[in-house]
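This briefing concerns the cavities, the ligand site and selected strand pairings of one protein model. Please consult the sequence and coordinates shown here alongside the points that follow.

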Amino acid sequence: MSSTYARFDTVFLLSRFAGAKYSPLWPSSSSSSSSHSSLLSSGTHLRAKPNSRLRSVTAASSGPIIAGSESIEIKSLPTKPIEGQKTGTSGLRKKVKVFMQDNYLANWIQALFNSLPLEDYKDATLVLGGDGRYFNKEASQIIIKIAAGNGVGKILVGQFINLKRNTCREGILSTPAVSAVIRKRKANGGFIMSASHNPGGPEYDWGIKFNYSSGQPAPESITDKIYGNTLSISEIKVAEIPDIDLSHVGVTKYGNFSVEVIDPVSDYLELMEDVFDFDLIRGLLSRSDFGFMFDAMHAVTGAYAKPIFVDNLGAKPDSISNGVPLEDFGHGHPDPNLTYAKDLVDVMYRDDGPDFGAASDGDGDRNMVLGNKFFVTPSDSVAIIAANAQEAIPYFRAGPKGLARSMPTSGALDRVAEKLKLPFFEVPTGWKFFGNLMDAGKLSICGEESFGTGSDHIREKDGIWAVLAWLSILAHRNKDKKPGEKLVSVADVVNEYWATYGRNFFSRYDYEECESEGANKMIEYLRDIVAKSKAGENYGNYVLQFADDFSYTDPVDGSVASKQGVRFVFTDGSRIIFRLSGTGSAGATVRIYIEQFEPDVSKHDVDAQIALKPLIGSFLSCIVCIKAEGVYREGEAHCHYMREKNYSVSHGPYERRVGFLTSVLSAMFLFEISRAMNCLSM
Ligand code: VG1
Ligand code: CO
């Protein structure tokens, strides 16, 4: 198998490792038992003719009428528990084929209602949106009928019309827009139909998230309850209403229940106008000596980019690429990083490329920021936004209240917080951990290394917000520049920041579709090492400050999240972190994060991989190689990696001529083998 390898100091993608096969979690409809009915396959409720204004609907044969709310009839559909519906870092994500089976989605939605207090949804307003991916259209109808069946009063749904192509995408709202709409319209919560940056289409992924009334992702206390309820569910409450026409803005009513189709952009745009100085940004974007490019990756921000950047801020129409949201993201992987947003990267690395480029992901909450021939790591990006926010962004005129990052995100932001004397928080991976701090007025700006940046203007990370934040910084720095004068560039802003605060070299390595068992064993093995580690131990030239499995106690509600990632932190601030992803749809993804701080400005220009090499080498030879001595002489592999940077690797566990990435992977097998041979000191 081959790997994709990109030489930039951020995310590395190693795909399809180990050939882990996905096995369905639930038999397909053909093999399903007759003791439960399926919302998708029964066809009686979901295939009704759209837009017929029925005042009452006769019950279908497959279940009894359990209630009549005014003129809506509600039916109880028998169902059976389905395994594996545990929510990960951000909602429930699976292959779309899994979601399309029997009552897979319906069960989860009903389990959600079973988990919420009645007052949180009865006669309440909920928002429904998504990134336009394959299956969202059908899923919207399922969610609406179950919401109505459970007594929800009103659903607000986004919709996007592409006038040029004369097409309509139903159920469109970016993740940040769902959060904004919930907050603005005081809704009780909302559903987001998206697997975010995971690819879409019949063969790929689908996902569902639920956000609460503050617009924030449901906390683990709720998602754990939902999971529990998926294991005991026996009925789904479905309103007997036809499919709702979601292609036209307007209201459809059935009894006390209504669905309002809304423009997905206006509430969000209004908020952005409050947060930023649009005149300032317009001044920059309309300059003839400033080039701008935004890649919507055929994902949801296609619906937002033209109205915001072009129609409101004066960017040229051709500055938006891949601006039409498509069900399969144009066969792309809507992940705004150097590997998957390659088209944008190619343009930005041309001599005559634009001065500023950005991309966002499937559901519009991630962002990547580039200057001409310059990539800004997400960890640096949030630190730079925080350092410049007060002078460049009206929303932060009084100064940010506090700063926060996820644990694996580099320590760049910590230094800004220290300098600005701001409260600072380190939370586990996943945006849901920031919300409480924001609600408590302790946090304004936060970010994750995974291309997530945002603030307390909403309760989600926000791709377009990050782009506008960067444009504000550049516009502020350049507002007095006369035509022909050299503009302050993205690279200038970053270099100046490094010179002031030092540089945190950072790199993340991903190993996708690993076998879950091996990956879990690897983490267990690392936990064993942590338990035996002592402060002051030498790892080559590095001295261990501490090693642990990160645990977080929420300062607001006292809830505890444990086992959030194994950390080795050294006395100079360098860190190596291992954790398993919670967003994959098949097998396990291992993430390794490596970071080293460099205060010396003369060394800031070095390639991150070169800068991180000594740390990687010392760590691996101590942790992996020595402990496994006699089984695998890893040291040789390192030397090999140091010489050879572009390679195609073989993933065999005994492969000798492998690079660093493979050798860590091999370690997973190695641990198991070593265990079996009893040659690890465990
Ligand atoms: C990943 C990222 C995490 C992010 C999450 C959701 O999670 O690491 O930082 O919050 O995706 O992002 P994991 O568990 O796979 O590492 V998104 O844009 O998918 O809502
Ligand atoms: Co996303």
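**Ligand 1 and its surroundings**

Asp365 places a polar side-chain atom 3.0 Å from an oxygen atom of ligand 1. The model is predicted, and the values given here are computed from it. The space that ligand 1 takes is the largest cavity, for which a volume of about 360 Å³ is obtained. The points below treat the ligand shell, the enclosed and open spaces, and two strand arrangements.

**Contacts of ligand 1**

- In addition to Asp365, Lys461 has a polar side-chain atom 2.9 Å from an oxygen atom of ligand 1.
- For Ser90, an N or O atom of the side chain is 3.4 Å from an oxygen atom of the ligand.
- There are 21 residues around ligand 1, and those that come nearest are Thr89, Ser196, Ser450, Thr583 and Arg591.
- By class, this shell contains no nonpolar residues; 10 of its members are polar and 11 are charged.

**The largest cavity**

- The count of cavities of 30 Å³ or more comes to four, and the largest cavity has a volume of about 360 Å³.
- Which elements give two or more residues to the lining of the largest cavity? They are β9 (205-212), α6 (220-230) and β29 (588-598).
- Of the elements, β9 gives the most to this lining, with three residues.
- The lining of the largest cavity comprises 33 residues, and Thr89, Ser90, Gly430, Lys461 and Thr583 lie nearest the centre of the cavity.
- Two of the residues named there, Ser90 and Lys461, also have a side-chain atom paired with an oxygen atom of ligand 1 at the distances given above.
- The lining of the cavity divides into seven nonpolar, 14 polar and 12 charged residues, while the shell around ligand 1 holds no nonpolar residue.

**The second largest pocket**

- The second largest pocket holds about 460 Å³ of space.
- Its lining is made of 15 residues, of which Asn162, Lys164, Lys306, Gly323 and Val324 are the closest to the centre.
- At least two lining residues come from each of β6 (154-162) and α9 (302-312).
- The element that gives the most to this lining is α9, with five residues.
- In terms of class, eight of the lining residues are nonpolar, three are polar and four are charged.

**The five-stranded sheet**

- An open sheet with mixed pairing is formed by five strands in the order β14-β13-β15-β16-β17.
- At its edges are β14 (320-321) and β17 (374-376), each of which pairs on one side only.
- Strand β16 (residues 367-371) runs antiparallel to β17, and three bridges join the two.
- What is the bridge partner of Leu370 in β17? The partner is Phe375.

**The hairpin of β11 and β12**

- Five bridges join β11 (residues 250-254) and β12 (residues 257-262), and these strands run antiparallel.
- Within this pairing, Lys253 of β11 has Ser258 of β12 as its bridge partner.
- Two residues lie between the strands of the hairpin, and Gly255 there takes a positive phi near 60°.

Conventions:
Residues numbered from 1 in each chain as written. Chains lettered and ligands numbered in written order. Predicted model: local features only at pLDDT ≥ 70, side-chain atom pairs only at ≥ 80, totals over all residues. Heavy atoms only, no water. 1 Å grid on protein atoms, 1.4 Å probe; cavity = no way out; pocket = protein on both sides within 12 Å on 5 of 7 lines; lining within 4 Å. Points joined across faces, edges and corners; volume = space filled by probe spheres on them. Helix = DSSP H or I, 4+ residues; strand = E, 2+ residues; numbered from the N terminus. Nonpolar A, V, L, I, M, F, W, Y, C, P; charged D, E, K, R; others polar. Near = heavy atom within 4 Å. Polar contact = N/O pair within 3.5 Å; in protein donor to acceptor, adjacent residues only side chain to side chain. Sits in = over half its atoms within 2 Å of the grid points. Pairing = 2+ DSSP bridges.
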